[in-house]
Amino acid sequence: MSIERVRSCLEKFGAADRIIEFDVSSATVELAAAALGCPGERIAKSITFKNGDRAVLVVATGDAKIDNPKFKAQFGIKAKMLTPEEVEELVGHSVGGVCPFGVKESTDIYLDESLKRFDTVFPACGSANSAIELTIKELEEYSGSSKWVDVCKNWE
């Protein structure tokens, strides 16, 4: 189960006990914000794209949208989102619970600059009813992110 992989990943950092599991769905930014009682922009959504036989996972704020020209300039490819089946195959999580923790080796993780305006954000934890509150430094460390990128718009 995906949440168990995430729990195992976060255990290495002593953070597994901070995972919040809800009785309701948190599968979208709106649902996660409602479950947590926080503004949607503080939800750290994971957006996945295809890059050959690999996945590009971009973590951004809930109000950010991918800027296609910025994405192409950064990665040299068109921003083509993965299908739900490809997400499970390449990333290892189901849509609604995608996060940058406990992913398959075929996933390259990037954090978008939009996240830096908050002290803490709430990424999912591998299921459609989970989240964790992390500082930006913790998110960077726990995700094993490849690097920071600026590929989003509509959040400034």
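N154 is exposed, with a relative accessible area of 54%. That is a handy place to start, because anything over 50% counts as exposed. The residue sits in the segment after β10 (152-153). Keep in mind as you look around that this is a predicted model. N154 also has a backbone feature worth a glance: its phi is positive, about 70°, although N154 is not a glycine. Most residues other than glycine have a negative phi.

From there, let us go back to the beginning of the chain and meet helix α1, which covers residues 2-11. Which of its residues are buried? They are S2, I3, V6, C9 and L10. Those residues span an arc of only 120° around the axis, and this places them on the same side of α1. The spacing makes sense once you recall how a helix turns. An α-helix has 3.6 residues a turn, so residues three or four places apart point the same way. The buried residues of α1 pack against three elements: β1 (20-21), β7 (130-131) and α5 (136-143). Helix α1 also holds S8, which is partly exposed at a relative accessible area of 39%. If you follow S8 through space, you can find G102 with its C-alpha 7.7 Å from that of S8, although 94 residues separate the two in sequence.

Since α1 packs against α5, α5 is a natural next stop. Here the buried residues are I136, E138, L139, Y142 and S143. They cover an arc of only 160° around the axis, which puts them on the same side of α5. What lies over them? The cover of these buried residues includes α1, β3 (54-61), β5, β6, β8 (134-135) and β9 (147-149). Just after the helix comes G144, with a positive phi near 65°.

Helix α2 (29-36) offers a third helix to look at. Its buried residues are V29, A32 and A33. Viewed down the axis of α2, they fall within an arc of 100°, so they line one face of the helix. Turn to the face pointing away from that buried side, and you will meet the exposed residues E30 and A34. The buried residues of α2 pack against β2. As with α5, a glycine with positive phi follows the helix: after α2 comes G37, whose phi is near 70°.

Strand β2 (43-51) deserves a closer look of its own. I47 has its place in this strand, and I47 is buried, with a relative accessible area of 10%. Leaving out residues up to four places away in sequence, I47 touches V56, L57, V58, A60, I66 and M81. The C-alpha atom of I47 is also separated by 8.1 Å from that of V98, a residue 51 places away along the chain.

M81 appears again among the neighbours of E86. E86 belongs to helix α4, and with 17% relative accessibility E86 counts as buried. Apart from residues up to four places away in sequence, E86 touches K50, M81 and V91.

Now for the largest pocket, whose volume is about 430 Å³. How many residues line this pocket, and which lie nearest its centre? The lining has 25 residues, with A27, K45, S46, G96 and V98 nearest the centre. Several elements we have already visited take part: α2, β2, α4 (84-91), β6 (120-123) and β7 each supply at least two residues of the lining. The largest share, six residues, comes from β2. Sorted by class, the lining has 17 nonpolar, seven polar and one charged residues.

We can finish at S106, in the loop between α4 and β5 (107-112). Is S106 buried or exposed? At 18% relative accessibility, S106 counts as buried, because the cut-off for buried is under 20%. Its side chain has a polar atom 2.6 Å from the backbone oxygen of L90. Setting aside neighbours within four places in sequence, S106 is in contact with D53, R54, A55 and L90.

Definitions and conventions
Residues numbered from 1 in each chain as written. Predicted model: local features only at pLDDT ≥ 70, side-chain atom pairs only at ≥ 80, totals over all residues. Heavy atoms only, no water. Buried < 20%, exposed > 50% of the residue type's maximum accessible area, 1.4 Å probe, protein only. Helix = DSSP H or I, 4+ residues; strand = E, 2+ residues; numbered from the N terminus. Arc of directions from axis to C-beta. Contact = heavy atoms within 4.5 Å. 1 Å grid on protein atoms, 1.4 Å probe; cavity = no way out; pocket = protein on both sides within 12 Å on 5 of 7 lines; lining within 4 Å. Points joined across faces, edges and corners; volume = space filled by probe spheres on them. Nonpolar A, V, L, I, M, F, W, Y, C, P; charged D, E, K, R; others polar. Polar contact = N/O pair within 3.5 Å; in protein donor to acceptor, adjacent residues only side chain to side chain.
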